[in-house]
Amino acid sequence: MQASQIEIVPFSLDHLAAAVALSKQAGWPHRTEDWQMALALSDGMIALEDDRVVGTVLVTPYKQDCATINMVIVDETIRGRGLGRRLMDAALRIAGDRPLRLVATTAGLPLYQKLGFHETGTVLQHQGLAREIPAPAGTEAATADDLPEIMTLDRVAFGADRENLLSYLAKVGEFAVIRRDGGVSGFACLRAFGRGEVIGPVVAADIEDARKLIEHHIARRPGRFLRVDTTVETGLSPWLAEHGFAHVGGGIAMKNPSAGRAAAPAATTFALASQALG
């Protein structure tokens, strides 16, 4: 049977359990709740072979500013039959004319390059058990009233409006903030994910503030399993390793050529925009 005989259909809640099983097969840590969050924020397609889910892809739109492509998975028993390309073609149709971003595995890199995506950086995943550390000075828990300022900071740092994502994170997670001159100057989110919890996104005026915001969450989670995604460019990786969060992998950040139409992140803002859905 060729990949062309596999049906590509819209992703629905009925496919959720099969998608969780597929991500486990791939060695990914996503729980049912993590898939539910991703699906709530995204449009997706799945590949069916004899009513068996053998592939997934999600497209998360950030209004018309851009979209990210997430959860591109092909069942290991049918790889090499062109299904990854078909799923990506479906994702591109969903995205329309939005600029696109994704984080590629080494295995997926050749396909994305053929589709016109180019590398923009390297994502480094760190994880481990939180050590007991003192709470940093100058950070505090955010309130509901802070969310509009958090959204504004994120829009500048990320270069796109992620209002829906941040609203969802405010319901399922918690934010820490730094205040200066009567307003929020930086934030960090923490939420349940996979084996434990993930810290991110983080947006701050500089790397020192970013460290304080991350420490805010670490200090309140001694002994808990935490994950933090960063990039080579931030220089934060050695600091995370010193705090007991080992570098365990990552991916290659990519965008398509049309992504240049999206607003560029602010050069003066430190942004640790983690793989929010992955």
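Colleague: Where is Asp-181 found, and between which strands?
Modeller: Keep in mind that this is a predicted model: local features need pLDDT of at least 70, side-chain atom pairs count only at pLDDT 80 or more, and totals for chains, interfaces and linings use all residues. Residues are numbered from 1 along each chain as its sequence is written, and side-chain values use heavy atoms, leaving out hydrogens and water. Helices (H or I, at least four residues) and strands (E, at least two) are DSSP runs, numbered from the N terminus. On that basis, Asp-181 sits in the loop between strand S8 (173-180) and strand S9 (183-193).

Colleague: Is Asp-181 buried or exposed?
Modeller: Asp-181 isn't a glycine, yet its phi is positive, near 50 degrees. For accessibility, buried is under 20% relative accessible area, exposed is over 50%, and partly exposed is in between (1.4 Å probe, protein chains only). Asp-181 has a relative accessible area of 86%, so it counts as exposed.

Colleague: What phi does Met-71 have, although it is not a glycine?
Modeller: Met-71 is part of strand S4 (residues 66-74). Its relative accessible area is 5%, so Met-71 is buried. Its phi is positive, at about 55 degrees.

Colleague: Which peptide bond is cis, with omega near 0 degrees?
Modeller: Look in strand S10 (residues 196-204), where Pro-201 lies. The cis bond leads into that proline, running from Gly-200 to Pro-201.

Colleague: How far is the backbone nitrogen of Leu-100 from a polar atom of the side chain of Asn-256?
Modeller: Asn-256 sits in the loop between strand S12 (246-255) and strand S13 (270-272), and it's buried because its relative accessible area is 11%. Setting aside residues up to four places away in sequence, it touches Arg-98, Pro-99, Leu-100, Gly-116, Phe-117 and His-118, where contact means heavy atoms within 4.5 Å. A polar contact is a pair of N or O atoms within 3.5 Å; within protein, one must be able to donate a hydrogen and the other to accept it, and sequence neighbours count only if both atoms are side-chain atoms. The separation between the Leu-100 nitrogen and the Asn-256 side-chain atom is 3.0 Å.

Colleague: Why is the pair of Tyr-62 and Phe-158 rings classed as it is, and what is the class?
Modeller: Rings of Phe, Tyr and Trp (its six-membered ring) pair if their centres lie within 6.5 Å; planes under 30 degrees apart are stacked, over 60 edge-to-face, and the rest tilted. The whole structure has four such aromatic pairs. In this one the centres are 5.7 Å apart and the planes are at 80 degrees, so the pair is edge-to-face.

Colleague: How many residues apart are Tyr-62 and Phe-158?
Modeller: The pair links distant parts of the chain, with Tyr-62 in strand S3 (residues 52-62) and Phe-158 in helix H5 (residues 147-158). Tyr-62 is buried at 5% relative accessibility, and Phe-158 is buried at 10%. Counting along the chain, the number of residues apart is 96.

Colleague: Which residue lies over the face of Phe-158, at 3.9 Å from the ring centre?
Modeller: A charge sits over a ring if NZ of Lys or CZ of Arg is within 6 Å of the ring centre and within 35 degrees of the ring normal. Arg-101 lies over the Phe-158 face at 4.2 Å. The residue at 3.9 Å is Arg-162.

Colleague: What arc do the buried residues of helix H6 cover around the axis?
Modeller: In H6 (residues 163-172), the buried residues are Leu-165, Leu-166 and Leu-169. The arc is that of the directions from the helix axis to the C-beta atoms. These leucines lie on the same side of H6, because they cover an arc of only 90 degrees.

Colleague: Which exposed residues does the face of H6 turned away from its buried side carry?
Modeller: The buried residues pack against helix H2 (32-41), S3, H5, S8, S9 and S10. On the face turned away from them, the exposed residues are Asn-164 and Lys-171.

Colleague: Which element gives the largest share of the largest nonpolar core?
Modeller: A nonpolar core is a set of buried Ala, Val, Leu, Ile, Met, Phe, Trp, Tyr and Cys residues joined through side-chain atoms within 4.5 Å. The largest has 26 residues, and Ile-69, Leu-83, Leu-102, Phe-117 and Met-254 touch the most other members. Strand S2 (43-49), S3, S4, helix H3 (83-95), strand S5 (100-104), helix H4 (109-114) and S12 each supply at least two residues. The largest share, six residues, is from H3.
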